[in-house]
Amino acid sequence: MYKIGTTLTQFIIEEQRLHTQATGRFTGLLNDITTACKKIAALTSKGALVDVLGAAGSENVQGEEQKKMDIISNDVFIEALENNGHVAAMASEEMETVYHLPAGAPRGNYLVTFDPLDGSSNMDVNVSVGTIFSILKAPPGINNPTAADFMQPGTHQIAAGYCLYGPSAIMVLTTGHGVNMFTLDRECGEFILTRQNVQIPPDTGEFAINTSNQRHWEAPVRRYIDECLQGREGPRGRDFNMRWVASMVAEVHRILTRGGIFLYPMDAKTGASGKTGKLRLMYEANPMSLIVEQAGGVSTTGRERILDIKPQDLHQRVPVILGSRNEVERVDSYHRGD
Ligand code: AHG
Ligand code: MN
Ligand code: MN
């Protein structure tokens, strides 16, 4: 147990002491990620004052319109990590292929994947956005990793986290030993431990799904949401509440705070996402699934545990159903036809 008020820097150093073989490289990497998030927090909070709102006039590899802040956040992350000597290579939503370090840069053995700005369509309307990151180890002996070296299941993640830029900026981190939350004190420039060993309540009366896609859902998801909507008069015998922020970071944060279930199921709506769902495995679904499981929740596609998926592609999409254990298991059971 740590004292509430411990800084994230102190926390990371203390955690390092628990691992006798630790070299400090992982600690250094987390510190650099923290610095990148502080810079993004500063930019998002200044908004129009520093001309970061609006479209960049380009598209990413997935054919989505890039916002100025998507590109700026991506650059901030790369700049913070490419010369620290802890990273072997990086991959991000905003880059088509693996980002290789500059020729002379010192190399480490961590692979970092990130969604530099999640929920970026919310940026211009001043609603919460965030950064999501996942850390893997590069296979031994690999000096210049390729995409194939990133194709590790989510269970191999060394750490995962997100930083939510909302009314407060909050860093949420797991290194596989529970989930802790740190709130940015903008006056002293430090993330301060404000909640430790977060646990998601197993039951919930709150669901999050974009119902405009209802006609594209599969039967198990239709059934689950139909039953929630029937409320007290339906088979569940209780009323449910609904939320949809359209920033996964904000939805997961709400679920970590008061429980809930989040669904972005198979969606036959667009050619790009086909029947695979919208969210990306390597930098959205995997890190969030590790956090949710570490907080006692469940994360699944409806057919399998997300963390067990063997990735095929850096930008692969997957259906995501995560949150309070008993509700997610109910949706899973509907997929099995129970
Ligand atoms: P991003 O801004 O990184 O592309 O991610 C947006 C994602 C996710 O955060 C959110 O849950 C979902 O897209 C919202 O999708 P809809 O606009 O289809 O509701
Ligand atoms: Mn995203
Ligand atoms: Mn994004």
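This report describes two manganese ions and one further ligand, together with the residues around them, in a predicted model.

**The two manganese ions**

The table sets out the residues that coordinate each ion.

| Ion | Coordinating residues (atoms) | Distances |
|---|---|---|
| manganese ion (ligand 2) | Asp115 (OD), Asp118 (OD), Glu284 (OE) | 1.9 to 2.1 Å |
| manganese ion (ligand 3) | Glu93 (OE), Asp115 (OD), Leu117 (O) | 2.2 to 2.3 Å |

Asp115 appears in both rows, and this residue bridges the manganese ion (ligand 3) and the manganese ion (ligand 2), which lie 3.7 Å apart. The pair Glu93 and Asp115 links distant parts of the chain. Glu93 belongs to the loop between strand S3 (87-92) and strand S4 (99-100), whereas Asp115 is in strand S5 (residues 110-118), and the two are 22 residues apart. Both of these residues, Glu93 and Asp115, are buried. Along the sequence, the donor residues of the manganese ion (ligand 3) have the spacing E-x21-D-x1-L.

For the manganese ion (ligand 2), the donors follow the spacing D-x2-D-x165-E along the chain. Here, too, a pair of donors links distant parts of the chain: Asp118 is in strand S5, and Glu284 is in helix H7 (residues 281-294), 166 residues apart. Asp118 and Glu284 are likewise buried.

**The surroundings of ligand 1**

Which residues come nearest to ligand 1? Of the 18 residues around this ligand, they are Asp118, Gly119, Asn210, Met248 and Tyr264. Asp118 therefore has two roles in this description, as it coordinates the manganese ion (ligand 2) and is also among the residues nearest to ligand 1.

Several polar atoms of the protein face oxygen atoms of ligand 1. A polar side-chain atom of Asp118 is 2.7 Å from an oxygen atom of the ligand. In the case of Met248, a polar backbone atom lies 2.7 Å from an oxygen atom of ligand 1. For Tyr264, an N or O atom in the side chain is 2.5 Å from an oxygen atom of ligand 1. Taken alone, ligand 1 exposes 480 Å², of which the protein buries 87%.

Where does the shell around ligand 1 come from in the chain? At least two of its residues are supplied by each of S5, strand S13 (261-264) and strand S14 (279-280). S5 gives the most, with three residues. The space that ligand 1 takes up is the largest pocket.

Note on methods:
Residues are numbered from 1 along each chain as its sequence is written. Chains are lettered from A and ligands numbered from 1 in the order in which they are written. This is a predicted model: local features need pLDDT of at least 70, side-chain atom pairs count only at pLDDT 80 or more; totals for chains, interfaces and linings use all residues. Side-chain values use heavy atoms; hydrogens and water are left out. Donors are N, O and S atoms within 2.8 Å of the metal (3.2 Å for Na, K and Ca); water is not among the atoms, so sites may look incomplete. Helices (H or I, at least four residues) and strands (E, at least two) are DSSP runs, numbered from the N terminus. Buried means under 20% relative accessible area, exposed over 50%, partly exposed in between (1.4 Å probe, protein chains only). A residue is near a molecule or strand if one of its heavy atoms lies within 4 Å of it. A polar contact is a pair of N or O atoms within 3.5 Å; within protein, one must be able to donate a hydrogen and the other to accept it, and residues adjacent in sequence count only if both atoms are side-chain atoms. Accessible areas come from the Shrake-Rupley method with a 1.4 Å probe; for residues, only the protein chains shown count as cover. On a 1 Å grid over the protein atoms alone, a cavity is a set of points where a 1.4 Å probe fits but cannot get out, and a pocket is an open set with protein on both sides within 12 Å along at least five of seven lines; lining residues have an atom within 4 Å of a point. A molecule sits in a cavity or pocket if more than half of its atoms lie within 2 Å of its grid points.
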